[in-house]
Protein chains: 2
Amino acid sequence: MPSLTQKELSAKFIEKLLMFNFSEEDSETLSSIFTENTLVGVSSHGVNRFAAFIELVKSSHINPKAIPIKTNAFNALEQWDAQQGAGPLNAIKMTSRAIELADEFGIGCVALKNSNHWMRPGYYAWEAANKGYVFICWTNTIPIMPPWGAKQPRTGNNPIVFGVPRDKGNIVLDIALSQFSYGKLANYRREGKELPYFGGYDEEGNLSKDAAQIYKTMRPLPIGYWKGAGLSLLLDLIATILSGGNSTKDLSKTNIDSAMSQVYIAIDPNKFSSKEILENSVNEILSYYLSAKNMQDEVVSYPGERIIKSREYNLKNGIQVDEIIWKRILELKVS
Amino acid sequence: MPSLTQKELSAKFIEKLLMFNFSEEDSETLSSIFTENTLVGVSSHGVNRFAAFIELVKSSHINPKAIPIKTNAFNALEQWDAQQGAGPLNAIKMTSRAIELADEFGIGCVALKNSNHWMRPGYYAWEAANKGYVFICWTNTIPIMPPWGAKQPRTGNNPIVFGVPRDKGNIVLDIALSQFSYGKLANYRREGKELPYFGGYDEEGNLSKDAAQIYKTMRPLPIGYWKGAGLSLLLDLIATILSGGNSTKDLSKTNIDSAMSQVYIAIDPNKFSSKEILENSVNEILSYYLSAKNMQDEVVSYPGERIIKSREYNLKNGIQVDEIIWKRILELKVS
């Protein structure tokens, strides 16, 4: 298995992105995001996804030359059209724009249409939190979960992120609304292992820990059962009506996570409190949370903690990349 | 079991509220909220909770004369102090204020400290949605759930609401972050019935459907397991730092849902789209969602649908109130 440095991985991404018509600046930004996602342990939205990302460029779902344009604005609320540019590029731009609006109005909200898969949304929450902002963003997706009590997928797993700044490591929750992603299910299926908790329904309509069965039925469990199914509907509704873009229903026509709708909200907590007060308040809440006695064999942690540890580990030990995945990246060329 | 009309129930609430020093206007507002919550089938935050609400007035946790004051403002972001006034009065005022800010800035955010239990947050989302706004609000609470992997409660069930306007009935998701509320668990315990899904941990540390055991361990399951536990931490963090108010940790000192922190966000989708376009978009998404084939014995519904049906049913058939609960209300007096 190839072991790479951050620099080697990043350089390879840049080389390939330039080959596929991204500008130098955009190639560097995209490469940083794919590299960082890999470094923090989310290879599924980093190196493991890079070749699939390039395939979407090849099939014209992603336009490497597209630039997001503002279609509507009303003070702290804006509507943008990503024109099918690369999801991560759009996301980082819209995050910056939401922050500018928060600077001016205390809170800023950008609704974006026609974007593409943004890889790891936590990346954008970390960016915003690093600058001192509270951040919330979400996207709709193709239908992958049934409504509660139903058999057929009609709603997305619509990932949502919440971020809060903290000097010693931001607190960032990055969740999809299915209990287990299809990526996780695929891993369990490949390894023939049982899921640790019910992850969906089997063919008899019973709750199941069998990833292969859940893959077949396409009935993964929403988080909180009826609650997560409802939440996914609401997030799709809000993203679609605010952006004027495609809904999960619209995305079902191609069944590709392309031309999706997203919402970015930044809030500036520094308008009313000093940095010191905010930092103390966050640390006090966190200490209390982490003071709970843990169950045997369990470690109590906070959202975002694992990210920092993975990053440190990979920087020190090198980034392990699957041989087949790496070969596929090396062989990417304009055909 | 007494069967009451809307008018009778409302008049009794007003009579008692006046007795406990609420102004005429505030008594009418509070009565409308308690009555409406009962009508729509959420008696736990309506008639069944009324006597407990008055007890908090008696014990000075709720001040019937308090008026929320604005402590900080920066364009679309405001910070208010509820001064321990009645939760529902504060909530309806802050909802209106968030709407005014959304009128002026497209989006408005109000962070409130020192409020009290707001009963059913869906009420405020319905109010905002009736006026055409997208609405999100949440509150922190006393610690009632453990962090993931832990044994002791260190985080709230921090209810959150999302609302989207729709002529034929708003779409409003009103959820607490525990899979089952303690109220629901109490019902199952009383009836000796098994929960339909795992609801928490038993004394051996195993997932359990036994409400009595979960009551004992104080380890109800967060929605989505580790995901809901993380979300509850983030909602507490955001509400606390934006409002400058009490965190779940602070509330743990009294262990009473009083002087809590809340966030109200309103967004005006009409700034960019006509009412007709919005309505069509919402209905199209909803039709698609509801078009999924249902499982045997299950009905596919959307968040908020049940509310309308309960309302119609109770208006037609009268509101059934538990005899003991009604007697307790009738006997409330200033001691």
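The following is a working chat about a predicted model of two chains, A and B.

Biologist: Before I look at anything, what kind of model is this, and how is it numbered?

Modeller: It is a predicted model, in which local features need pLDDT of at least 70 and side-chain atom pairs count only at pLDDT 80 or more, while totals for chains, interfaces and linings use all residues. Residues are numbered from 1 along each chain as its sequence is written, and chains are lettered from A and ligands numbered from 1 in the order in which they are written.

Biologist: OK, which strands make up the sheet in chain B, and in what order?

Modeller: Seven strands of chain B form an open sheet with mixed pairing, in the order S2-S3-S4-S10-S5-S6-S7. Helices (H or I, at least four residues) and strands (E, at least two) are DSSP runs numbered from the N terminus, and two strands pair if DSSP finds at least two bridges between them. At the edges are strand S2 (69–74) and strand S7 (171–175) of chain B, each of which pairs on one side only. From one strand to the next, the twist averages 10°, with axes being lines fitted to C-alpha atoms, for helices over the stretch in contact, and angles running from 0 to 180 degrees between N-to-C directions.

Biologist: How do S2(B) and S3(B) run relative to each other, parallel or antiparallel?

Modeller: They run antiparallel and are joined by five bridges, with Ala73(B) standing opposite Glu78(B) in S3(B). The hairpin of these strands has two residues between them, and Asn75(B) there takes a positive phi near 50°.

Biologist: And S4 with S10 in chain B, how many bridges?

Modeller: Eight bridges join strand S4 (residues 107–116) to strand S10 (residues 258–267) of chain B, and the two run antiparallel. Within that pair, Ile107(B) stands opposite Ile267(B).

Biologist: What else does Ile107(B) touch?

Modeller: Leaving aside residues up to four places away in sequence, Ile107(B) touches Ile265(B), Ile267(B), Ala76(B) and Ala102(B) in its own chain, and Ala76(A), Leu77(A), Ile107(A) and Cys109(A) in chain A. Two residues count as in contact if their C-beta atoms, placed from the backbone, lie within 7 Å.

Biologist: Which residues have the most contacts inside the largest nonpolar core?

Modeller: They are Ile107, Cys109 and Ala266 of chain A and Ile107, Cys109 and Ala266 of chain B, in a core of 187 residues. Such a core is a set of buried Ala, Val, Leu, Ile, Met, Phe, Trp, Tyr and Cys residues joined through C-beta atoms within 7 Å. A residue is buried if 20 or more other C-beta atoms lie within 10 Å of its own, exposed if 12 or fewer, and partly exposed in between.

Biologist: Switching to the interface, how many residues are in contact?

Modeller: On chain A, 67 residues are in contact with 67 residues of chain B. H8(A) gives the most to the side of chain A that touches chain B, with 12 residues, and that side divides into 39 nonpolar, 19 polar and nine charged residues. Here Ala, Val, Leu, Ile, Met, Phe, Trp, Tyr, Cys and Pro count as nonpolar, Asp, Glu, Lys and Arg as charged, and the others, Gly among them, as polar.

Biologist: Where does H8(A) lie on chain B?

Modeller: Helix H8 (residues 226–243) of chain A lies across strand S5 (134–139), strand S6 (160–164), S7 and S10 of chain B, at about 135° to S7(B). Helix H8 of chain B also lies across strands of chain B, including S3, S4 and S10, and runs at about 90° to S10(B).

Biologist: What relates the two chains?

Modeller: A turn of 180° with a shift of 0.0 Å along the axis lays chain A on chain B with an RMSD of 0.0 Å, which is the relation of a two-fold axis. The copies are superposed by least squares on the C-alpha atoms of residues with pLDDT of at least 70 in both. Gly224(A) comes closest to the rotation axis of the residues of chain A, at 2.5 Å (C-alpha). Because 100% of the interface residues of chain A are also interface residues in chain B, the copies meet through the same surface.

Biologist: One more, is Glu36(B) buried or exposed?

Modeller: Glu36(B), found in helix H2 (residues 24–39) of chain B, counts as buried because it has 21 C-beta neighbours inside 10 Å. Pro196(B) is exposed, with 10 other C-beta atoms within 10 Å, and lies in the loop between helix H6 (182–191) and strand S8 (200–201) of chain B.
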